[in-house]
Amino acid sequence: MKISKVAFIGALAATASPLAAQDSEAMQHELAEMRAMMAKMAERIDTLEAELESVEAEAEAASTQAATASQVAQGAAAAAQENSDAQIAFKGSPEIKADGGWSFKPRGRLQYDAGFVNAPDSTGREDGFGNDVRRARLGVSGDIPGGFGYKFEADFANSDLTVTDALISYEAGDVDIQVGQFNNFQGLEELTSSLHTSFIERAAFTDAFGFIRRVGVGVTYGKGDVLVQSGVFTDNMDRLSNQNWSGNGRVVFMPKLGDAQLHLGGSLHYRSYEDDSTVRYRQRPLVGFTSERFINTGNLDAESETGFGLESAVISGPFHAVVEGRWQNLEMPVGMDDPNFFGGYAEVGYFLTKGDTRGYKGGKFDRTKPANPVGEGGMGSLQVNLRYDHLDLNDAGILGGKQDGYFVSLVWKPTDYTMLLANYGRLQYEDAVFPTANGDTSYGVDAFGVRAQIDF
């Protein structure tokens with residue numbers, strides 16, 4: 001509010017008028033000084049009012065500018081959010097996707113095993129407690145515009161660096177082409193990821209018959225209930241050869257019957273070896289942390305090998321069953337009989353927790369996702385499995401031994417990406433390569449193993 005100079009001076013003059021009536025020179029002098037001071041005060045008030053008006057104008061301008069800047073910033077943020085094509089989802093780890101076909105996802109797994117093996121003392125075999133970092137993998141996978149994809153993983157278990165998957169893929173409609181190192185098309189058990197198996201190790205024949213990742217080219221056709229896979233391969237990255245090569249093919253029929261998932265398939269494998277090559281078929285007793293192998297053909301001269309497999313499975317609610325078999329024929333040099341070995345297994349499993357079922361996707365078992373995971377009011381999924389596992393390495397005069405395994409497992413998955421697994425196995429051997437003190441080659445071995453697993 002502005003102060004009136006005239007009113008102010010008039011009020012003071014009215015106050016001073018009684019003093020003027022006394023006609024005193026001193027008083028007149030004081031009044032003059034007071035009037036001069038009041039005049040100066042009035043001038044100062046004018047100056048302060050002008051400065052106040054200037055400050056108010058500047059503040060109003062600054063406020064207007066700030067409001068405008070805020071509106072611009074909000075608009076820019078909204079526009080940036082609206083125009084951004086990047087999306088981040090969480091599937092065990094962040095998965096980044098962008099319009100146009102780009103995606104990127106880090107991936108990894110850690111599996112720690114421990115347990116014991118008990119063999120007859122007189123065989124002289126090392127048994128007892130064992131433990132192992134079974135797998136410690138890190139990698140990346142994703143898509144590239146134009147239908148291309150990539151995957152690279154390396155395993156660091158036990159301080160050894162090993163490349164597992166290293167591939168480039170191209171997808172065109174129902175056809176997917178892969179180039180690089182990856183798992184060959186050798187059956188349901190082998191192609192099911194180690195993250196999703198129902199036992200601590202795969203069936204005996206998969207390891208005995210040398211199912212490993214190899215460098216090559218593979219083509220997969222999948223439409224509806226039919227899956228066809230084929231490829232041509234050389235060797236694993238750590239032992240590449242220009243002489244060894246193999247061809248693999250697999251066909252799967254996977255219809256749904258009501259709520260049940262059926263799986264029927266067959267696979268064919270042929271491998272040609274370079275001159276003077278040898279092969280060896282052998283296997284451990286259930287667990288991977290022991291180096292003892294009670295059945296073993298030893299090194300055999302080989303020109304080629306041919307494998308044929310049949311596979312079947314059914315998943316119905318909490319129940320699943322699997323039967324798979326593999327015949328492996330070894331072509332030896334002229335003049336020697338060609339042995340034909342066999343391995344196979346039969347398995348049943350059942351979830352004890354309500355609402356859980358075994359995962360299945362693309363012609364193989366997939367991730368089990370607990371209906372009521374830990375952290376969301378549940379206990380996760382709990383599954384019990386029984387398996388009979390047979391491997392026969394006796395034929396054409398070769399005594400590699402026979403193994404009959406009777407296994408039980410309990411699998412607890414607290415969440416989608418964590419698992420605790422316990423296995424017990426009784427292995428009955430015939431023609432074992434390690435005799436007891438009295439020369440007996442038919443005896444039993446016990447194996448127990450547990451696994452702690454996480455992946456992302």
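D337 is exposed, with a relative accessible area of 57% (exposed means over 50%, buried under 20%, partly exposed in between, with a 1.4 Å probe and protein chains only). You'll find D337 in the loop between β16 (319-331) and β17 (340-351); strands here are DSSP runs of E, at least two residues long, numbered from the N terminus.

A word on the source: this is a predicted model, where local features need pLDDT of at least 70, side-chain atom pairs count only at pLDDT 80 or more, and totals for chains, interfaces and linings use all residues. Residues are numbered from 1 along each chain as its sequence is written, and side-chain values use heavy atoms, leaving out hydrogens and water.

D337 also belongs to a surface patch of negative charge, together with E274, D275, D276, D301, E303, E331, D338 and D395. Such a patch takes residues with over 30% relative accessible area and no salt bridge (Lys or Arg side-chain nitrogen within 4 Å of an Asp or Glu carboxyl oxygen), joining like charges within 9 Å. Two or more residues come from each of β12 (260-279) and β15 (300-316), and β12 gives the most, three.

Now the rings. The whole structure holds 20 aromatic pairs, meaning ring centres within 6.5 Å, with planes under 30 degrees apart called stacked, over 60 edge-to-face and the rest tilted. Here are two of them:

| Pair | Centre to centre | Between planes | Type |
|---|---|---|---|
| F148 and Y170 | 4.9 Å | 50 degrees | tilted |
| Y281 and F341 | 5.5 Å | 80 degrees | edge-to-face |

F148 sits in β5 and Y170 in β6, so their pair ties together parts 22 residues apart in sequence. F148 is partly exposed at 39%, and Y170 is partly exposed at 32%. Y281 and F341 are both buried, and they share one aromatic cluster with F205, F209, F211 and Y345.

Notes. Patches are made of residues with over 30% relative accessible area and no salt bridge: like charges are joined within 9 Å, nonpolar side chains (Val, Leu, Ile, Met, Phe, Trp, Tyr) within 5 Å. Accessible areas come from the Shrake-Rupley method with a 1.4 Å probe; for residues, only the protein chains shown count as cover. Lys and Arg count as positive and Asp and Glu as negative; His and the chain ends are not counted. The place of a charge is taken as NZ of Lys, CZ of Arg, CG of Asp or CD of Glu. Helices (H or I, at least four residues) and strands (E, at least two) are DSSP runs, numbered from the N terminus. Rings of Phe, Tyr and Trp (its six-membered ring) pair if their centres lie within 6.5 Å; planes under 30 degrees apart count as stacked, over 60 as edge-to-face and the rest as tilted.
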